[in-house]
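Me: Please take a close look at one part of this predicted model, the largest pocket, and then describe some local features elsewhere in the chain.

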Amino acid sequence: MTDTPLVRLRDLHKSFGDLHVLRGIDLTLDKGEVVCVIGPSGSGKSTLLRCVNLLEQPDSGEVLVDGEDLTDPDCDIDGARRHIGMVFQQFNLFPHLRALENCTTALTTVAKRSKAEAEDTAIHNLERVGLADKVREYPAKLSGGQQQRVAIARALSMDPALMLFDEPTSALDPETVGEVLTVMRQLAEDGMTMLVVTHEMAFAREVADRVVFMDEGVIVEQGRPDEVVGQPREERTRTFLKRILDPTHVGPT
């Protein structure tokens with residue numbers, strides 16, 4: 001890891017009407033670091049993630065990625081986004097395109113690669129996520145886990161410096177969750193910088209370098225997984241984890 005963070009968020013605020021979703025977020029992400037963001041529904045996790053590549057425009061604050069201020073009006077945001085891969089809850093694949101074509105479209109239209117080069121890159125990344133035998137399949141012929149792995153391969157094909165994952169397993173059947181988490185573990189081992197919004201506590205505990213707990217639009221605490229998940233300091237974190245790790249726990253009324 002280097003002294004200069006790959007991502008730096010400074011005093012980030014975002015509202016939707018009267019709802020103040022992000023309330024002054026400060027966060028850094030080093031190159032090669034895996035940071036998992038956890039917290040209850042409505043805490044601002046997904047909005048935070050979408051502000052990193054300006055899918056949501058912050059009301060105030062700064063988003064710096066690799067030293068470039070994405071909130072600067074003069075920033076070439078489309079150019080900056082080429083270096084930021086995003087994997088959503090829903091797979092967002094083009095249903096009329098095969099797996100290979102889903103991965104080559106951005107390469108040929110945005111990155112202006114030749115068809116041959118784009119296909120070589122896409123096949124390499126589909127192999128990387130364990131789908132070498134599915135390159136000619138349409139999304140409808142793939143399981144949810146396979147579709148999400150195509151979405152990961154599509155993001156990887158743009159050779160991103162940063163990968164954003166917005167609850168990538170939440171729409172999957174339980175039996176296909178593991179295959180997606182296995183791919184994400186391998187990416188972490190390969191040194192990919194990853195910001196992951198997740199409710200998979202075992203993944204956060206095993207793979208993350210740092211866990212960030214959010215609630216009501218603020219970062220309540222952050223630290224090593226064994227600290228935040230294993231021995232949380234804050235009562236709000238403890239209450240949340242009890243509900244996640246023990247679904248029968250109701251908590252104080």
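**The loop, the hairpin and the pocket**

Reply: Ser-41 is found in the loop that runs between strand S3 (34-38) and helix H1 (45-52). Ser-41 counts as exposed because its relative accessibility is 77%, and the cut-off for that class is over 50%. In sequence, Ser-41 and Asp-215 are 174 residues apart, yet their C-alpha atoms are 8.7 Å apart in space.

Strand S9 covers residues 210-215, and its partner is strand S10 (residues 218-223), with five bridges joining the two in the antiparallel sense. Within this pairing, Met-214 stands opposite Ile-219 in S10. The hairpin of S9 and S10 has two residues between the strands, and Glu-216 takes a positive phi there, near 55°.

The largest pocket holds about 610 Å³ of space. Its lining consists of 21 residues, and the closest to the centre are Arg-81, Ile-84, Met-86, Ala-106 and Met-158. Four elements are named as giving two or more residues each to this lining: helix H2 (77-81), strand S6 (84-87), helix H3 (99-109) and helix H5 (144-156). H3 supplies the largest share, with four residues. Sorted by class, the lining of the largest pocket has 11 nonpolar residues, six polar ones and four charged ones.

Methods:
Residues are numbered from 1 along each chain as its sequence is written. This is a predicted model: local features need pLDDT of at least 70, side-chain atom pairs count only at pLDDT 80 or more; totals for chains, interfaces and linings use all residues. Side-chain values use heavy atoms; hydrogens and water are left out. Two strands pair if DSSP finds at least two bridges between them. Buried means under 20% relative accessible area, exposed over 50%, partly exposed in between (1.4 Å probe, protein chains only). On a 1 Å grid over the protein atoms alone, a cavity is a set of points where a 1.4 Å probe fits but cannot get out, and a pocket is an open set with protein on both sides within 12 Å along at least five of seven lines; lining residues have an atom within 4 Å of a point. Grid points are joined across faces, edges and corners, and a volume is the space filled by probe spheres set on the points. Ala, Val, Leu, Ile, Met, Phe, Trp, Tyr, Cys and Pro count as nonpolar, Asp, Glu, Lys and Arg as charged, and the others, Gly among them, as polar.
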